[in-house]
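Biologist: Please take a close look at one part of this model, the helices and the sheet in the last domain of the second chain, and describe how they are put together.

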Amino acid sequence: MQTHNIPVEAISVCNTIGDIRPMRIRLEDDKHQLIVLNVDQVIYCKESNLSGILSYRYGCKVHMYGKEKLIELMYNVQSHKWTILKMLT
Amino acid sequence: MSRPIIFHIDVNSAFLSWEACYRIHMLGESLDLRDIPSVVGGDQEKRHGIVLAKSTPAKKYNIQTGEPLVSAMRKCPNLVVVPPNYDLYVKSSQAFIRILKEFSPTVEQYSIDEAYCDMTGTERLYGSPIAAAYLLKDRICDELGFTVNVGCSTNKLLAKMAGELKKPNMVHSLFPEEIQEKMWPLDVRELFYVGRATEKKLRSLGIHTIGELARTDVNILKLHMKKQGELIHSYANGMDVSSLHEAAQANKGYGNSITIPMDVNTPESAKMVLLSLCETVGTRLRADEMKASCISVSITDCDFSYASHQCNILAATNVTNEIYLTACKLFDELWDKKSPIRQLGVHTSKLSSEDFRQYNMFDMYKYDKLEKLDSAIDKIRERFGEDSVKRACFLDGPLDHMSGGIDRAKRTGITKPVDK
């Protein structure tokens, strides 16, 4: 597992009770190309208050270059920023 | 009725722990600052380059909080220095206090990283005090990611002394029956309220441990140290009658000081600094609807020698201009006009909250008008930001028009308890 801190653009959906779920993310790859990844499945969602900063962490399955990968996405509630925190290679 | 149970909870190397925790959990860094010699240090370019917090490995190099970064680097050339992030510290502190308030009905926030909790009568809820302390410590560690020390006892003093016993991430008890075994063998310097000067006096009396202090005749101590002698004698015996103050206690004075980025050599530029400090002090006084009748000015020169001067004014005031004029008068009397100034401070005390003013025949200014002007400016600044109105003399200068001890970045929560 590699730890990253990659800021990403995201499309997410809020359901009627206010739960947020990531749908699609866009990031820059190693070749400086923008790639779009669909979130195939959200495996877990954890609320975290580490360092007193409220965030949600999502374990997600995505397809990247034809391979299935597991990533941990983080949504910072206060700053509204999405980040890839960890990537299982 | 069961005896009181007080907890003292202290974050281990607070600023550094919060910084390390943020870097690991929010930025995904793998290096833990707490495991290497590291410090949180001020900005060296602005001459605020001192150690604000240090890691446990840094302690082994004898690096002290408050010492210049240059000297810390000399002790440990591999020292990692990270800049402070006050917004983060305030958030971490708020989250820390929030957890304590869930645990105990009475929480007294003592500083940004320390608090007391009254846990009397919670045995049926959380079990024995030690079990409750572990529960609290582990919850903070799991939820917020940083470690704390918890001291348990029957009063605030003993709880604090217990919390200081061994760090980090520990629970200690220091109940009255344990004083002799756990507290008395400690060096007298470790006792709360014993500073460098008191330590010296005690050593000259042949008192080296807390136990020796506790067994000394209180009259001897009173003879040498007056009331403080009596106080530290009762502290050494584990006696403390102070209760937990949930609400913040009222300020006894309002003051601000600033270390100027470059030495000041002329009275004109020093007075500009004084004006910007008076602006901040005046604003703070007015925000709390207080007036002060004693004003003092302090100067630290480039050789770190410190001098201060104070005077009483006829009527208590919170008018910026009046504070400034008094400060200028004091400054002229105090400064030798030669030594370059490194730090300037303006402090006010003898506070009152009366909303009337005693006029006198020699008043030169129309204070009513100045008061109205100040309150209008305060309202504008509150609504549109601090920089929306500033004096013209600060327009092109390098100096902030409202400088002071509390940096803008750390104005909330650092010196006052955080409510949220």
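Modeller: What follows goes from the domains to the sheet, and then to the helices.

This is a predicted model, in which local features need pLDDT of at least 70 and side-chain atom pairs count only at pLDDT 80 or more, whereas totals for chains, interfaces and linings use all residues. Residues are numbered from 1 along each chain as written, chains are lettered from A and ligands numbered from 1 in written order, and side-chain values use heavy atoms, without hydrogens or water.

The domain assignment (automatic or from a database) divides chain B into domain 1 (1–176), domain 2 (184–236) and domain 3 (254–410). Between the C-alpha centres of domain 1 and domain 3 of chain B there are 35 Å.

The sheet of interest in chain B is an open one, built from four strands (DSSP runs of E, at least two residues, numbered like the helices from the N terminus) that follow the order S9-S12-S10-S11 with antiparallel pairing. Its edges are strand S9 (254–264) and strand S11 (306–317) of chain B, each of which pairs on one side only (pairing needs at least two DSSP bridges). From one strand to its neighbour in this sheet, the average turn is 15 degrees, with direction ignored. Within the sheet, strand S10 (residues 291–301) of chain B pairs with S11(B) over eight bridges, again in the antiparallel sense, and the residue that B:Ile295 faces in S11(B) is B:Cys311.

Two helices (DSSP runs of H or I, at least four residues) lie across these strands. H12(B) lies across S9, S10, S11 and strand S12 (341–352) of chain B, and its direction makes about 155 degrees with that of S9(B) (angles run from 0 to 180 degrees between N-to-C directions, and axes are lines fitted to C-alpha atoms, for helices over the stretch in contact). H13(B), in turn, lies across S10, S11 and S12 of chain B, at about 145 degrees to S11(B).

These helices also meet each other: the axes of helix H12 (residues 267–287) and helix H13 (residues 320–334) of chain B come within 8 Å and cross at roughly 140 degrees. That crossing angle makes H12(B) oblique to H13(B) (under 35 degrees is roughly parallel, over 145 roughly antiparallel, 65 to 115 roughly perpendicular, and the rest oblique). On the H12(B) side, the contact (heavy atoms within 4.5 Å) involves residues including B:Pro267, B:Ala270, B:Leu274, B:Leu275, B:Cys278 and B:Leu285, while H13(B) contributes, among them, B:Ile323, B:Tyr324, B:Ala327, B:Cys328 and B:Phe331. Sorted by class, the contact of H12(B) with H13(B) has 11 nonpolar, two polar and four charged residues (Ala, Val, Leu, Ile, Met, Phe, Trp, Tyr, Cys and Pro are nonpolar, Asp, Glu, Lys and Arg charged, and the others, Gly among them, polar).

H12(B) has a further helix partner in helix H14 (residues 367–384) of chain B, where the two axes come within 11 Å and cross at roughly 90 degrees. That angle makes H12(B) roughly perpendicular to H14(B). Here B:Glu279, B:Thr283 and B:Arg286 in H12(B) meet B:Asp374, B:Asp378 and B:Arg381 in H14(B). The contact of H12(B) with H14(B) has no nonpolar residues, one polar residue and five charged residues. Both B:Glu279 and B:Arg286 also appear in the contact of H12(B) with H13(B).
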